[in-house]
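Here is a brief report on how the parts of one protein model fit together. Look over the sequence and the structure first, then read on.

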Amino acid sequence: MYTNQRTLKRKVEIKGIGLHSGELVSLNIEPMPANTGIIFEKNNVLIPAKVEFAKSFEFSTSIENKGEKVQTIEHLMAALYLLGIDNVKIKISGSEVPILDGSAKEFIDIFKIIGIKNLPEEKFYAVITEDINVKDKDKFIKATPSNEPIFTYEAVYDKKVIGNRKFSFKPFSQTYQAVSPARTYCFFEEIDFLKQMGLAKGGSLENAVVFKEDEILNPEGLRFEDEPVRHKLLDLIGDLYLLGYPIVGNVYSYKGGHFLNAAFVRKMIESNAYTLIPASELPAFARNDERIVKVA
Ligand SMILES: [Zn+2]
């Protein structure tokens, strides 16, 4: 658990291609003071990484402000979340965050080399105080109050090669390496369809796992036997960070994707189902069940 707000020690530039756009993009990421949050900047327009600015969810999460759009922010958001980084400005030269290796690993490796700075100000957590449910056809996300964050993803696939379908991650007690290197993936049979939709133009075996029937086309194989479900969990935590604060609660996603993840964050805000708690009060808060259960 991180007790203080954090930022980077210095500026860093990251270049790479966008998974869907195929364009070469550079990110200039700058340290920012406490209580700034995560903010993107494109063509001098600021776009806070908050659910209010999340606009489209077609195979990735995009945010938009004043006509300026940034696509595929979720793996970078997950990297910032996993390192406890609360405050940075991300200037982007194009419309999509570079995909790098398809996971959060390379962002994390770069941030660790640059160094992460603890700010004097305390970190705040969004503690879930009542049950939250969102659904979309047979997919749903539900959350209940819990003393520590627990994120679970359950997938349903008809292919054997995918491995385990359910994965849980507890960020306070498990290393981020359980999810950060899990890469995005697709099925070989989908590639034509994605390209016809103008998506996956930058996709390759360098930045995605490709499954063809019961085979993995990547020569290096998988990083985890259940890499796909771990990647879905990485997407979930990246998208949940659009709340602006790390969530403390038991969140369970059944087949959820970017759209449902954002719907969950919106519901959390609309139904006022959480309380912001400074890190120093978190253990006391978590121990006191009376404060977890909201009185009607
Ligand atoms: Zn993803």
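## Two domains and what lies between them

The domain assignment of the protein gives two parts: domain 1 (4–123) and domain 2 (125–292). The model is predicted. Taken over C-alpha atoms, the centres of domain 1 and domain 2 are 18 Å apart.

How many residues of domain 1 are in contact with domain 2? The count is 33, and they meet 33 residues of domain 2. Two helices, α1 (74–82) and α2 (105–114), each supply at least two residues of the side of domain 1 that touches domain 2. The largest share of that side comes from α1, with 8 residues.

The residues on this side of domain 1 divide by character as follows.

| Kind of residue, side of domain 1 touching domain 2 | Number |
|---|---|
| Nonpolar | 17 residues |
| Polar | 10 residues |
| Charged | 6 residues |

Now to the core. The largest nonpolar core has 72 residues. Which residues have the most contacts inside it? They are Ala 79, Leu 80, Leu 233 and Ile 237. Helix α1 gives the largest share of this core, 7 residues. Domain 1 (4–123) and domain 2 (125–292) both give residues to the core, so it lies between them.

Leu 80 deserves a separate look. Leaving out residues up to four places away in sequence, Leu 80 touches Ile 38, Ile 85, Val 88 and Tyr 241.

Helix α1 thus appears twice: it gives the largest share of the side of domain 1 that touches domain 2, and the largest share of the largest nonpolar core.

Notes. Residues are numbered from 1 along each chain as its sequence is written. This is a predicted model: local features need pLDDT of at least 70, side-chain atom pairs count only at pLDDT 80 or more; totals for chains, interfaces and linings use all residues. Domain bounds come from an automatic or database domain assignment. Two residues are in contact if their C-beta atoms, placed from the backbone, lie within 7 Å. Helices (H or I, at least four residues) and strands (E, at least two) are DSSP runs, numbered from the N terminus. Ala, Val, Leu, Ile, Met, Phe, Trp, Tyr, Cys and Pro count as nonpolar, Asp, Glu, Lys and Arg as charged, and the others, Gly among them, as polar. A nonpolar core is a set of buried Ala, Val, Leu, Ile, Met, Phe, Trp, Tyr and Cys residues joined through C-beta atoms within 7 Å. A residue is buried if 20 or more other C-beta atoms lie within 10 Å of its own, exposed if 12 or fewer, and partly exposed in between; C-beta atoms are placed from the backbone.
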